[in-house]
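User: I've got a model open and want to go through the sheets, the domains and a few odd spots. Can you walk me through it?

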Amino acid sequence: MPVRDLAALARTLERIHGAVVSGQPPPSGPRSLVARSWERMIALGIDPDGRNARVISDPGEVESRRRSTRLRFVVDELVQTLLRLPDAADLILVIADADGVILWRDGAVGARRRADGLGFVEGAHWTESIVGTNAIGTALAEEAPVQLFSAEHFETSQHPWFCSAVPVHDPGDGSLLGIVDISGPAFTLQPTMQALVTTAVRLAEARLQIHRQTALMRLRDRYATLLAGTTGPIVIVDDDGWVALAQGILVKDRIEAPDPGRAVHLPGAGPCLPERIDGGWILRPGGSARLRVRVSAGSTSVQIESDNGVLRVPLTQRRRQIVEEITRAGRRGTTAKELSRRLYGDDEHVVTVRAEVSRLRRSLGALLTTQPYRWSDEIDILDERATDRVPPA
């Protein structure tokens, strides 16, 4: 789009923005994605004049978040792909985690200096609830790619910018890892920018899949000899629970991520004790008692009871609703489409439901099965939402 057209669009958006934030009828409505976000901002009481306080994590927390995210494996590749473009002189690349915290920032010196004035820096929490409608925060809220131009941002201080943001998902389980964003002066926006960022993210996701498979292969090669001389059930997994090797037990590609000092339940083997190894964990059967899962109405956690003690898995409000719906479905189980209808009233949120269940299974592992979603037959469910109990298998 030529600069003069961008200038005309910016003036139109300024008039729309000014009317909406002042409570007046706008000359025309903003596009639906922006309208939804502005409604959230008005409800939250976000200041459109840009006087909203910034939240900045300290360097130690930022470094901890960097070490714990798989995005660290693709930072260099994203920089090479997006900041080596011919028109990248005024652009800035930002990579945020799934909480909207900026972990990496790179780009032109002038762009970084202007971004400093917005608090668009490493460690900043760039969510809608803190800085208003912006590509990173709105992409998190919508769980979709977002491109914003000029006065589509809620804060007037962000109007001189364009931002193109695309969510990055773990190719293994679909969980959200974070957001990749390219930003720059509004009138430098190119028609292909959103497509370029999307392509770079897809390449990064493919690289993450290759990285995981390579790491599992190394883990498998390193400990294959150990398994060859061992009898009895044994499983070797990486830190996220992806299976590198299994002997004497049939497991799926992934189990619950091991945690030291706590047994992991594997169908067919019962509670297994994790043992730390280089690059992952070895799990061996450590008991035969059944696990009991206690579900209470309105509870903020699921309680898992065994002979080794009690584990409480924290739940967000949405995941608590999912747990209650899966419990209500009983042994029949439920599907993503059915959960979408129960939670949202329509069939349009299947992808969101699958992502939430995927995140839930990272904590509950094999206790929740898929196709359909249901509790495993090898555990007892104590349903305290009502007087009835789901009978054991």
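Analyst: Terms first: two strands pair if DSSP finds at least two bridges between them. Helices (H or I, at least four residues) and strands (E, at least two) are DSSP runs, numbered from the N terminus. This is a predicted model, where local features need pLDDT of at least 70 and side-chain atom pairs count only at pLDDT 80 or more, while totals for chains, interfaces and linings use all residues. Residues are numbered from 1 along each chain as its sequence is written, and side-chain values use heavy atoms, with hydrogens and water left out.

User: OK. In what order do the strands of the open sheet with strand 1 run?

Analyst: The order is 2-1-5-4-3, five strands with antiparallel pairing. Strand 2 (102–107) and strand 3 (146–149) are at the edges with a single partner strand each, so one side of each has no neighbour in the sheet. On average, neighbouring strands of this sheet are turned by 15° against each other, direction ignored. For such angles, axes are lines fitted to C-alpha atoms, for helices over the stretch in contact, and the angles run from 0 to 180 degrees between N-to-C directions.

User: How many bridges join strand 1 to strand 5?

Analyst: Six, between residues 92–97 of strand 1 and residues 176–185 of strand 5, which run antiparallel. Leucine 93 is opposite isoleucine 182 of strand 5.

User: And the sheet with strand 7, what order does that have?

Analyst: That open sheet has five strands in the order 7-6-10-9-8, and its pairing is antiparallel. Strand 7 (243–247) and strand 8 (264–266) are the edge strands, each pairing on one side only. Here neighbouring strands are turned by 30° against each other on average, direction ignored. Strand 6 (residues 234–237) is joined to strand 7 by four bridges, the two running antiparallel. Isoleucine 236 faces leucine 245 of strand 7, standing opposite that residue.

User: Switching to domains. Where are the bounds?

Analyst: The domain assignment gives domain 1 (6–210) and domain 2 (291–383). Such bounds come from an automatic or database domain assignment. The C-alpha centres of the two domains are 32 Å apart. Four residues from domain 1 and five residues from domain 2 take part in the contact, where contact means heavy atoms within 4.5 Å.

User: What area is buried between domain 1 and domain 2?

Analyst: About 440 Å², with carbon and sulfur atoms giving 37% of that. Buried area is the accessible area (1.4 Å probe) that two parts lose on being put together, summed over both. On the domain 1 side, Glu143, Asp173 and Ser175 lose the most area to domain 2, together 78% of what that side buries.

User: How many salt bridges cross the interface of domain 1 and domain 2?

Analyst: Zero. The rule asks for a side-chain nitrogen of Lys or Arg within 4 Å of a carboxyl oxygen of Asp or Glu. There is one residue pair in polar contact between domain 1 and domain 2, both at pLDDT 80 or more. A polar contact is a pair of N or O atoms within 3.5 Å; within protein, one must be able to donate a hydrogen and the other to accept it, and residues adjacent in sequence count only if both atoms are side-chain atoms.

User: Which residue does arginine 36 form a salt bridge with?

Analyst: Glutamate 142, with the closest N and O atoms 2.9 Å apart. Arginine 36 is in helix 2 (residues 32–44) and glutamate 142 in helix 7 (residues 135–142), so the pair ties together parts 106 residues apart in sequence. The salt bridge count comes to 28.

User: Where is arginine 342?

Analyst: In helix 10 (residues 336–344). Its side chain makes a polar contact of 3.4 Å with that of glutamate 325.

User: Any backbone oddities?

Analyst: Glutamate 143 has a positive phi of about 50° although it is not a glycine, and is found in the loop between helix 7 and strand 3. The peptide bond from glutamine 371 to proline 372 is cis, with omega near 0°.
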